[in-house]
Each structure stands twice: as structure tokens, then as C-alpha cells.
Amino acid sequence: MISKIDLRSEAHTRRTALARANPDFARRIAEYVNALNVRDGSVIGAYVAMKDEADPFPLLETLIAKQCVIALPRVVAKDEPLAFHRWKPGDELYRGALGISEPAKDTPLAFPHILLAPLLAFDARGHRLGYGGGFYDRTLDFLRANSTVRAIGVAHAGQEVAELPREDHDHVLDVIITEKGVREFHHT
């Protein structure tokens, strides 16, 4: 099987092309919000899209209308889980240590019931190829050790690949949402 480094390079190129070819992607995934079966008032851990990442914000607007609490991540340290802070439209974001837009560290913390995760690729078993920093896997370790959380990948349908390598520390997605709909992964 091809290395994760080569897979990341290939997947990034594919995602860039998909983002250019589908400028209405963010609006299209928001149409499937009801298929996610999110309870009103849930705490949603989201992210601010960078460059060609799948933008979750139109989806978040729909979830806010369902009285969901949105929390955005802040990088605490290199080998730590992400910290999620409450956010609502209009709240200021700051450029964090890794160049990512983040809430201020004094913003109230939140512990997500649902975690929306950006990705480079996914496969039919729910494996996710991230950027290699391990932030989402460490965050899922922490959240799943302390509560129940659903991991939802946000991606273009064209980011699906036949198979991804999986290491012991890699968490599997529970759900993927694409412009073609929602798919649940059942793990045994």
C-alpha cells in the first residue's frame, strides 16, 4: 500500500480540483443536515475551513437554527488534543500558532457531542486521512474517554478512495457528509 505521505499529496491535489469544480459545495451539504439526525441543542465541534477544505459554515447556520451550540477548535500544544471554545456568528477569531483561525483562549470551553472533521480522504469503512498532526485523533481519544461523541467527516464525494491505511491510534468516522448525502459507518 502507498505511504500516508504520498497519499496526502495525492489527496490534497484531488481535493483542490474538487473544490474548484464544486463552488456550491458548502450550500449543497447543508441540504442534508436533517439526515445527520442532530438533536436540537447539541454541542457541535466544528472548524474554520482553510484554503480548499470543505466549508462547514452553511451547515453550521442550519444547526444554529436548531439551537445547537457551535464550538471551534484552538490548538493548545503540538501533542495535545484540540480545545473547543463556544462560538457564534460575529464572534472574533484570531490567527493561532499554526495559522488557523481560532477563538480566543479565554472564550468559554465546550465539550462537543458531535465533532465535524476536515479530511484529505476517506474510505468506505470510515477511515479518515488527516494532515498527519494527529490533532483530531488525540481529540477523539479525549472526548470518547470522557463522553459519547459522533465523528462526522465533511468532504467532497470525490475524496473517497478504495482503502486507507490505518494505524492503532487512528479513529474511524461514524458518519460522512458529502454533496451527495450522508453515509453512516457501522463499526464492530
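1. A salt bridge is taken here as a side-chain nitrogen of Lys or Arg within 4 Å of a carboxyl oxygen of Asp or Glu. By this criterion, a search of the whole structure yields 13 salt bridges.

2. The model is predicted, so that local features need pLDDT of at least 70 and side-chain atom pairs count only at pLDDT 80 or more, whereas totals for chains, interfaces and linings use all residues. Residues are numbered from 1 along each chain as its sequence is written, and side-chain values use heavy atoms, with hydrogens and water left out.

3. Arg144 and Asp174 form a salt bridge through their side chains, at 2.8 Å from N to O. This pair links distant parts of the chain, 30 residues apart: Arg144 belongs to helix α4 (residues 135-146), and Asp174 to the loop between β9 (150-154) and β10 (175-178). Helices (H or I, at least four residues) and strands (E, at least two) are DSSP runs, numbered from the N terminus. Arg144 counts as partly exposed because its relative accessibility is 28%, while Asp174 is buried, with a relative accessible area of 19%. Buried means under 20% relative accessible area, exposed over 50%, and partly exposed in between (1.4 Å probe, protein chains only).

4. Asp24, Arg27, Arg28 and Glu31 are joined into one network by salt bridges that share partners. One of these contacts pairs the side chains of Arg27 and Asp24, at 3.0 Å from N to O. Arg27 is partly exposed at 47%, and Asp24 is likewise partly exposed at 32%.

5. A further salt bridge connects Asp123 with Arg125, whose closest N and O atoms are 3.9 Å apart. Asp123 is buried, since its relative accessibility is 0%; Arg125, at 43%, is partly exposed.

6. Ala117 lies in strand β6 and is buried because its relative accessibility is 4%. Leaving aside residues up to four places away in sequence, Ala117 touches Tyr47, Arg128, Tyr136, Ile152, Gly153 and Val154, where contact means heavy atoms within 4.5 Å. Ala117 and Gly45 are 72 residues apart in sequence, with their C-alpha atoms 8.4 Å apart in space.

7. On the surface, Leu109, Phe111 and Phe142 make a nonpolar patch of about 310 Å². Patches are made of residues with over 30% relative accessible area and no salt bridge, with like charges joined within 9 Å and nonpolar side chains (Val, Leu, Ile, Met, Phe, Trp, Tyr) within 5 Å. Accessible areas come from the Shrake-Rupley method with a 1.4 Å probe; for residues, only the protein chains shown count as cover. Leu109 sits in the loop between β5 (101-102) and β6 (114-117) and is partly exposed, at 49% relative accessibility.
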